[in-house]
Amino acid sequence: MFKKISCPQCHQAIDEKDNVCPFCDYKIRNSKDKTIYISFVKQIIVFIIGFACFQLVGFIISALISLIANQFSLDPSFVDGVKNNAFTNFFTYGLLFYVMLFVLWNDNFKIIKSFKGIKPILLGIAGYAAIYAFNILYSNFLVLIGIEFGNSGNESSLREIVKIYPIISLVIFGIVGPFVEEITYRIGLFSFFKRINRILAYVVTIIIFTLIHFTFKEETIFNELLNVPYYAFAAITFCFLYDKFGFASSMYAHAFNNIIDIITVIIINNMA
């Protein structure tokens, strides 16, 4: 599963999944596999950073903000409100962005290379269009059968932040956030399980990606369940684009999805 092989040209030990030797750029095999393979250790590390550390850092930052706000009698909204949530998300995503770049220092060229050409942009647009079409169809279906629903807790929280900090939200939630999540769940989680089985990689990644956008509150649990298909379909789309066409395609689709949603919130807020 994590076997090492010897490069035929420089004889360095490399990952069996590498299509090109990272030491001498020798092409190991002709392959249509667009997955970015880093060492399995790094795959585990970037997933832990993006998943567990995101939660931990976010909790610590939020607690510190509340402590400082209470200590110096600052605006109550800093204690348990949108501003606290905004600063926590901005700082955490920003920090993890630089940590990811550092951890993947020797692999960043693989990531940058995937953005070459216009094809990834077009595939990203197609991915976003598929997600948007599904959301419209699913929403209309729920309305047709008489089920009332609203935005998920995660979506509602982010929209409140966008209303107060539109520009920084566009940068963090539109670009930095998708980059961190695509590294975490595609290059980290998906690629790791793809070593074992492609179907398993899809199933595990889709479930976990969907659950991180799920708000576990008893009073809103039904509405959260109704929103699961939205996130699940987005996860399927991102995984498919990454698996078949590479990192840039899934990154563009994720970014377009977030950016257009943010711009829509900004426009509606300014019209109100």
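Me: Which residue forms a salt bridge with R198, and how far apart are the closest N and O atoms?

Reply: Good place to start, and do keep in mind that this is a predicted model. To read a salt bridge, look for a side-chain nitrogen of Lys or Arg within 4 Å of a carboxyl oxygen of Asp or Glu. Here R198 pairs with D243, and their closest N and O atoms are 2.9 Å apart.

Me: Where do R198 and D243 lie, and what does the pair tie together?

Reply: For any pair, check which element each partner belongs to. R198 is in helix α8 (residues 198–211) and D243 is in helix α9 (residues 221–245), so the salt bridge ties together parts that are 45 residues apart in sequence.

Me: Is D243 buried or exposed?

Reply: Compare its relative accessible area with the cut-off: under 20% is buried. D243 has 2% relative accessibility, so it counts as buried. Its partner R198 is partly exposed, at 38%.

Me: Where do K163 and E160 lie, and how many residues apart are they?

Reply: This pair sits within one element. Both K163 and E160 belong to helix α6 (residues 153–164), and they are three residues apart, about one turn of the helix. Their side chains meet in a salt bridge, with an N to O distance of 3.4 Å. As for exposure, K163 is partly exposed with a relative accessible area of 40%, and E160 is partly exposed too, at 36%.

Me: Which residues are linked in a network of salt bridges?

Reply: To spot a network, follow the charged side chains from partner to partner. In this model, K42, D107 and K110 are linked in that way. Take the contact between K110 and D107: their side chains meet at 3.8 Å, N to O. D107 is buried, at 8% relative accessibility, whereas K110 is partly exposed, with a relative accessible area of 25%.

Me: How many salt bridges does the structure hold?

Reply: The total is eight. Among them are the R198 and D243 pair, the K163 and E160 pair, and the K110 and D107 pair.

Me: I always check the cysteines before a gel. To what does the count of disulfides come?

Reply: The thing to look for is a pair of cysteine sulfur atoms within 2.5 Å. By that rule the count is zero disulfides.

Me: Is C239 buried or exposed?

Reply: C239 is buried, with a relative accessible area of 0%. C10, by contrast, is partly exposed, at 27%.

Note on methods
Residues are numbered from 1 along each chain as its sequence is written. This is a predicted model: local features need pLDDT of at least 70, side-chain atom pairs count only at pLDDT 80 or more; totals for chains, interfaces and linings use all residues. Side-chain values use heavy atoms; hydrogens and water are left out. Buried means under 20% relative accessible area, exposed over 50%, partly exposed in between (1.4 Å probe, protein chains only). Helices (H or I, at least four residues) and strands (E, at least two) are DSSP runs, numbered from the N terminus.
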